[in-house]
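Hi everyone, thanks for making time for this. I'd like to walk you through a structure that may be new to you, taking the open spaces and then the side-chain pairs. Here it is on the screen.

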Amino acid sequence: MNTNHHVTDWTWLKLLCLTIIATLLFEHTQLDMHISALFYRNGQWLLEKGAQPYAFIFYDAPKALLILFAIYLIAILAIKYKTPLNADFSLNHSKRSKYILPLSVREISYLLIVIIIVPTTIATLKSVTHVSCPNHLMLFGGDMPYLTLWQSMVEHTSAKCFPAAHASAGFSLYGLAFLPTCRKYRYRIFEAVTALGWTMGLYKMLFGDHFFSHTFISMLLSLTIACALAVIFFKRFDENKNSQFHPTKPTLSNTQKR
């Protein structure tokens, strides 16, 4: 990821290419199998699916918090749209200002769209890839043979496990790292969101709901989408800002030269 002054127009394309390469790499290696075997011992997974309090901590709570965050962004967006331009100063100094993110309407709109589009895109891909979960496979106590991505799509199985949708909800917060207002915190945000997404993804891996590659590809796709949308939303912002710092030098008239 390019974390310099602004995101280049083609960073998202590089990330997309990396996602495709990573997908092909996992398709032609046994890395996924070896990693999942670490979580499957003596005929059972390290964690039982739905076991509490793990399900609440790593599944229900993060999912609910992200939904609440999206609702909060919608509410803030509505408040900012309804607030007249000449009332911005009073809004910033009102008692409720401490509950309002110091972000522009453009930034809030971008963040909200990323949070919605990332999980939606991943869920849509799951419905067309038909890749099995580890716990579906005969190797891990299931009743299905291992199929590659292409074979799964051709067979049109009932499985829907690739990429990882639950982890993508956490990875959708990569949008925070691309906000101009949060630019100086970009590295910290990137690290925190990566940790969150992988915590949610690892939880699902512990009982065989996902291979390692499912979460890894979900992370790359989420980053690609957030980056691409940032180019659309903030390219003009960067250009306008640069023009303010580098104004065109006025040309002296003939009279002024004399």
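Let's begin with the largest pocket, which has a volume of about 360 Å³. Before going further, please keep in mind that this is a predicted model. So, which residues lie closest to the centre of that largest pocket? They are Tyr-59, Lys-63, Ala-165, His-166 and Ala-169, out of 21 residues that line the pocket. If you want to find the walls on your screen, look for α3 (54-82), α5, α7 (165-171) and α8 (186-205), the elements that give two or more residues to this lining. The biggest contribution comes from α3, with five residues. As for chemical class, the lining of the largest pocket is made of twelve nonpolar, four polar and five charged residues.

Now to the second largest pocket, which holds about 270 Å³ of space. Its lining counts 15 residues, and those nearest the centre are Thr-19, Ile-20, Thr-23, Leu-149 and Phe-162. Which elements each supply at least two residues here? Those are α1 (11-27), α5 and α9. This time α1 gives the most, with six residues. By class, the lining of the second largest pocket has nine nonpolar residues, five polar ones and one charged.

Next, the enclosed space. How many cavities of 30 Å³ or more does the structure hold? There is one, and about 210 Å³ of space lies in it. Of the 21 residues that line this cavity, Glu-27, Asp-32, Tyr-146, Ser-213 and His-214 lie nearest the centre. Helices α1, α2 (31-37), α6 (149-155) and α9 each bring at least two residues to the cavity lining. Sorted by class, that lining has eleven nonpolar, eight polar and two charged residues.

Let's turn to charged side chains. How many salt bridges does a search of the whole structure find? The search finds two. In one of them, the side chains of Lys-49 and Asp-209 meet at 3.4 Å, N to O. This pair links distant parts of the chain: Lys-49 sits in the loop between β2 (44-45) and α3, Asp-209 sits in the loop between α8 and α9, and 160 residues separate them. Are these two partners buried or exposed? Lys-49 is exposed, at 56% relative accessibility, whereas Asp-209 is buried, at 7%. In the other salt bridge, Lys-204 meets Asp-209 at 3.0 Å, N to O. Lys-204 has a relative accessible area of 12%, so it counts as buried, the cut-off being under 20%. Through shared partners, the salt bridges join Lys-49, Lys-204 and Asp-209 into one network.

On to the aromatic rings. The count comes to 15 aromatic pairs. One of them is Tyr-110 with Phe-234, an edge-to-face pair with 4.9 Å centre to centre and 65° between the planes. Where do the two rings of this pair sit in the chain? Tyr-110 belongs to helix α5 (residues 105-129) and Phe-234 to helix α9 (residues 212-245), so to speak two distant parts of the chain, 124 residues apart, linked by the pair. Tyr-110 is buried, with a relative accessible area of 0%, and Phe-234 also counts as buried, at 4%. There is an aromatic cluster to look for as well, formed by Phe-26, Trp-198, Phe-212 and Phe-216.

One last stop, at a single histidine. His-136 lies in the loop between α5 and α6, and it is partly exposed, with a relative accessible area of 27%. What is His-136 in contact with, once its neighbours within four places in sequence are left aside? The contacts are Gly-142, Asp-143, Met-144, Ala-159 and Cys-161. Take Ala-159 from that list: it is 23 residues from His-136 along the chain, and the C-alpha atoms of the two are separated by 8.4 Å.

To recap two places worth finding on your own screen: the largest pocket, with Tyr-59 and Lys-63 among the residues closest to its centre, and the network of Lys-49, Lys-204 and Asp-209. Thanks for listening!

Conventions:
Residues numbered from 1 in each chain as written. Predicted model: local features only at pLDDT ≥ 70, side-chain atom pairs only at ≥ 80, totals over all residues. Heavy atoms only, no water. Phe/Tyr/Trp six-rings, centres within 6.5 Å; stacked < 30°, edge-to-face > 60°. Helix = DSSP H or I, 4+ residues; strand = E, 2+ residues; numbered from the N terminus. Buried < 20%, exposed > 50% of the residue type's maximum accessible area, 1.4 Å probe, protein only. 1 Å grid on protein atoms, 1.4 Å probe; cavity = no way out; pocket = protein on both sides within 12 Å on 5 of 7 lines; lining within 4 Å. Points joined across faces, edges and corners; volume = space filled by probe spheres on them. Nonpolar A, V, L, I, M, F, W, Y, C, P; charged D, E, K, R; others polar. Salt bridge = Lys/Arg side-chain N within 4 Å of Asp/Glu carboxyl O. Contact = heavy atoms within 4.5 Å.
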